[in-house]
Amino acid sequence: MSATQSTYVEEEGVYRFHMEHPVPAYLVALVAGDLQPADIGPRSRVWAEPCLLPTATSKLSGAVEQWLSAAERLYGPYLWGRYDIVFLPPSFPIVAMENPCLTFIISSILESDEFLVIDVIHEVAHSWFGNAVTNATWEEMWLSEGLATYAQRRITTETHGAAFTCLETAFRLDALHRQMKLLGEDSPVSKLQVKLEPGVNPSHLMNLFTYEKGYCFVYYLSQLCGDPQRFDDFLRAYVEKYKFTSVVAQDLLGLLPGLLPRAEGAERGLPGRAGVRALAECHGPPAGRAGPVSGIQPDAARGGPLPAVDRRAPGA
Ligand SMILES: [Zn+2]
């Protein structure tokens, strides 16, 4: 259960769960099955079916604590006490879900060491972005997924190096641009600030744009700052200010003036607050310089040039 405390009274046959922090309903989750635990760190254990437990344990033992510690150095204390992971059968309909205290993840991901690293670190990042500070509306899911993807890449830069992070970023941005060519640059779902019209399934708003255009926008904000460490501090202050609440984009963007003094922005030829807002609401490719996706520089995740954007027409 995504809870900070769990107890089982054998005589009564009753499980009790308690979550000490306020969380939105979508982060409440319960799993039942033939699951066994094994410790993988001082505040982490994996839960898995007996046939999977040795593999899951060997792949993650010690690693999760390293990733949590890296995230704490960037964004402040881990707020949820335990960070456990439960491996679910291949019928689990998504790859992973960042339920507080207990990440749900599909067991088939154990086939790939790289995807296991990337996806678990992504869920770790949600502990700060999405779980501690939640988007108040489904129209602004990028506040969760874009920020978590940015934080994930800052963490992997620290733990696995810039080259690993750059390759993963290029792979995903290439997928984003292929999807954009399929849908067209004027597709309504290519906006960060998507409009949830009556009758629209909110799950349709969860797509690569939410993750990768969201990431590019957050990366763009980090470029306005000019220093990734300073931007880390900004995000740390954002979490501290809004932890255990739900926010709208303006809550994040409203903190930008403190990050980017007007004079400094003008010297860099950067857009003001209205320009930043317009970028969040436009269709099509994310903000960035023209050029092939493969042109991302190795230090992109450290604060180098913006992720490159292929602006060629579909099919060109
Ligand atoms: Zn996510």
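Counting enclosed voids in this predicted model turns up three cavities of 30 Å³ or more. The largest cavity holds about 80 Å³. Its lining runs to 15 residues, with K191, L192, V194, L205 and T210 sitting closest to the centre. Sorted by class, that lining comes out as eight nonpolar, three polar and four charged residues. Helix α6, spanning residues 208-225, is the top contributor to the largest cavity, giving three residues.

Open space is another matter. The largest pocket takes in about 900 Å³, and 31 residues line it. Nearest the pocket centre are V95, D119, H122, R172 and Y211. Several elements each put two or more residues into this lining: β6 (96-97), α3 (113-126), α4, α5 (162-183) and α6. Of these, α3 supplies the largest share, at seven residues. As for chemistry, the pocket lining splits into 16 nonpolar, six polar and nine charged residues. Helix α6 thus turns up in both places, as a contributor to the pocket lining and as the element that gives the most to the lining of the largest cavity.

Helix α3, the main supplier of the pocket lining, also packs against α2 (residues 63-75), with the two axes 10 Å apart and at an angle of about 45 degrees. That angle makes the pair oblique, and α2 passes α3 in a right-handed crossing. On the α2 side the contact uses V64, W67, L68 and A71, and these meet V117, V120, I121 and V124 of α3. The class count here is lopsided: eight nonpolar residues, with no polar and no charged ones.

A second helix pair involves α4 (residues 142-160), another of the elements in the pocket lining. The axes of α4 and α7 (residues 228-242) come within 12 Å and cross at roughly 135 degrees, so this pair is oblique too. The crossing of α4 and α7 is left-handed. From α4, the contact draws on L143, L147, Y150 and R154, while α7 brings P228, Q229, F231, D232, L235 and Y238. By class, the α4–α7 contact has seven nonpolar residues, one polar and two charged.

Put side by side, the two helix pairs differ in hand, with α2 and α3 crossing right-handed and α4 and α7 left-handed. Their contacts also differ in make-up: charged residues are absent between α2 and α3, whereas the contact of α4 with α7 includes two.

Methods:
Residues are numbered from 1 along each chain as its sequence is written. This is a predicted model: local features need pLDDT of at least 70, side-chain atom pairs count only at pLDDT 80 or more; totals for chains, interfaces and linings use all residues. Side-chain values use heavy atoms; hydrogens and water are left out. Axes are lines fitted to C-alpha atoms, for helices over the stretch in contact, and angles run from 0 to 180 degrees between N-to-C directions. Helices (H or I, at least four residues) and strands (E, at least two) are DSSP runs, numbered from the N terminus. Angles under 35 degrees count as roughly parallel, over 145 as roughly antiparallel, 65 to 115 as roughly perpendicular and the rest as oblique. A crossing is left-handed if the near helix is turned anticlockwise from the far one by less than a right angle, and right-handed if clockwise. Contact means heavy atoms within 4.5 Å. Ala, Val, Leu, Ile, Met, Phe, Trp, Tyr, Cys and Pro count as nonpolar, Asp, Glu, Lys and Arg as charged, and the others, Gly among them, as polar. On a 1 Å grid over the protein atoms alone, a cavity is a set of points where a 1.4 Å probe fits but cannot get out, and a pocket is an open set with protein on both sides within 12 Å along at least five of seven lines; lining residues have an atom within 4 Å of a point. Grid points are joined across faces, edges and corners, and a volume is the space filled by probe spheres set on the points.
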